[in-house]
Structures are given as structure tokens and as C-alpha cells.
Amino acid sequence: MEEILKQILAEMQDIKKEMKQRFDSVDEQFTELNHKLEVIREQTAANSEIHSPVADVQKQVDDLATDVKLIKRAITNQ
């Protein structure tokens, strides 16, 4: 009976070690994912800051193109 208990205890210790290794691995994966998520957040914030001025410039360019067309029509119709 004592031998069986020792065997069970040894198996339980092995299981405990294996579980700790798996949890450590999962913790590492979560840490890596959190890092990647932080990088994505930073990139998104940077892209948002860049997008607004680019959109403004694009609108100005579109407006200038319209102005040029109007000026061409005015010149050719004179």
C-alpha cells in the first residue's frame, strides 16, 4: 500500500511539473501577444495622426483641380 502511495505521489509531482511548464508556456505566449497588441496600438495611433493631415491635403488638391478646370473654362470661353 505504501509503495502505491509513493507511486501516486511521484506521478502527481510529474503532473504538477508538466502543468507548470505548460502554464509557463502559455504565460510567455500571452506576454508575446500583449507586446504585439501594443505595437499594433502604437501603429494605429501613428497612422491616425498621419491620416488627418493627408486627408486635408487630398481635399485641397481636389479643390485646386476644380479651380484649375474652372479657370481653363473661363479662359477658353473668352
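Colleague: What percentage of the 78 residues in the protein do buried residues make up?

Modeller: Buried residues make up 0% of the 78 residues. Please keep in mind that this is a predicted model.

Colleague: What does the secondary structure come to?

Modeller: The protein has one helix and zero strands. That helix, α1, covers residues 2-76.

Colleague: How does the radius of gyration stand against that of a compact globule of 78 residues?

Modeller: The protein has a radius of gyration of 33 Å, whereas a compact globule with that number of residues would have one near 12 Å. Along the principal axes, the C-alpha trace spans about 115 × 15 × 10 Å.

Colleague: Which two residues, 52 apart in sequence, illustrate the distance in space?

Modeller: A65 and Q13 do: their C-alpha atoms are 76 Å apart. A65 is located in helix α1, and its relative accessibility of 39% makes it partly exposed.

Colleague: Turning to surface area, what is the accessible total, and what share belongs to carbon and sulfur atoms?

Modeller: The accessible surface of the protein is about 7700 Å², and carbon and sulfur atoms account for 60% of that.

Colleague: Which residues form a nonpolar patch on the surface?

Modeller: The patch consists of M1, I4, L5, I8 and M12, which together have about 570 Å² of accessible area. One of these residues, I8, belongs to helix α1. I8 counts as partly exposed because its relative accessibility is 41%, in between the limits of 20% and 50%.

Colleague: Now electrostatics. How many salt bridges does the count come to?

Modeller: The count comes to six salt bridges. In general, side chains of opposite charge can pair when their charged atoms come close. One of the six is formed by the side chains of E2 and K6, with an N to O distance of 3.6 Å. The distance qualifies because the cut-off for a salt bridge is 4 Å.

Colleague: How are E2 and K6 placed in helix α1?

Modeller: E2 and K6 are four residues apart in helix α1, so about one helical turn separates them.

Colleague: And are E2 and K6 buried or exposed?

Modeller: E2 is exposed, at 56% relative accessibility, while K6 is partly exposed, with a relative accessible area of 49%. The two labels differ because exposed requires over 50%.

Colleague: What is the N to O distance for E38 and R41?

Modeller: The side chains of E38 and R41 form a salt bridge at 3.5 Å, N to O. These residues are three apart in helix α1, which means that about one helical turn lies between them. E38 is partly exposed, and its relative accessible area is 36%.

Colleague: Which residue does K59 meet in a salt bridge?

Modeller: K59 meets D63, and the N to O distance between their side chains is 3.3 Å. Both residues lie in helix α1, with a spacing of four residues, about one turn of the helix.

Colleague: How accessible are K59 and D63?

Modeller: K59 is exposed, with a relative accessible area of 52%. D63, in contrast, counts as partly exposed at 37% relative accessibility.

Colleague: One last topic: where does UniProt place the "coiled-coil region"?

Modeller: The UniProt record, an unreviewed entry, places that feature at residues 2-29.

Colleague: What is the helix content over residues 2-29, and how far apart are the end C-alpha atoms?

Modeller: In the model, residues 2-29 are 100% helix and 0% strand. The C-alpha atoms at the two ends of this stretch are 41 Å apart.

Definitions and conventions:
Residues numbered from 1 in each chain as written. Predicted model: local features only at pLDDT ≥ 70, side-chain atom pairs only at ≥ 80, totals over all residues. Heavy atoms only, no water. Buried < 20%, exposed > 50% of the residue type's maximum accessible area, 1.4 Å probe, protein only. UniProt positions renumbered as here; feature names shortened; annotations may be inferred. Patch = residues over 30% accessible without salt bridge, like charges linked within 9 Å, V, L, I, M, F, W, Y side chains within 5 Å. Areas by Shrake-Rupley, 256 points an atom, 1.4 Å probe, with all protein chains shown as cover. Rg over C-alpha atoms; globule rule 2.2 N^0.38 Å.
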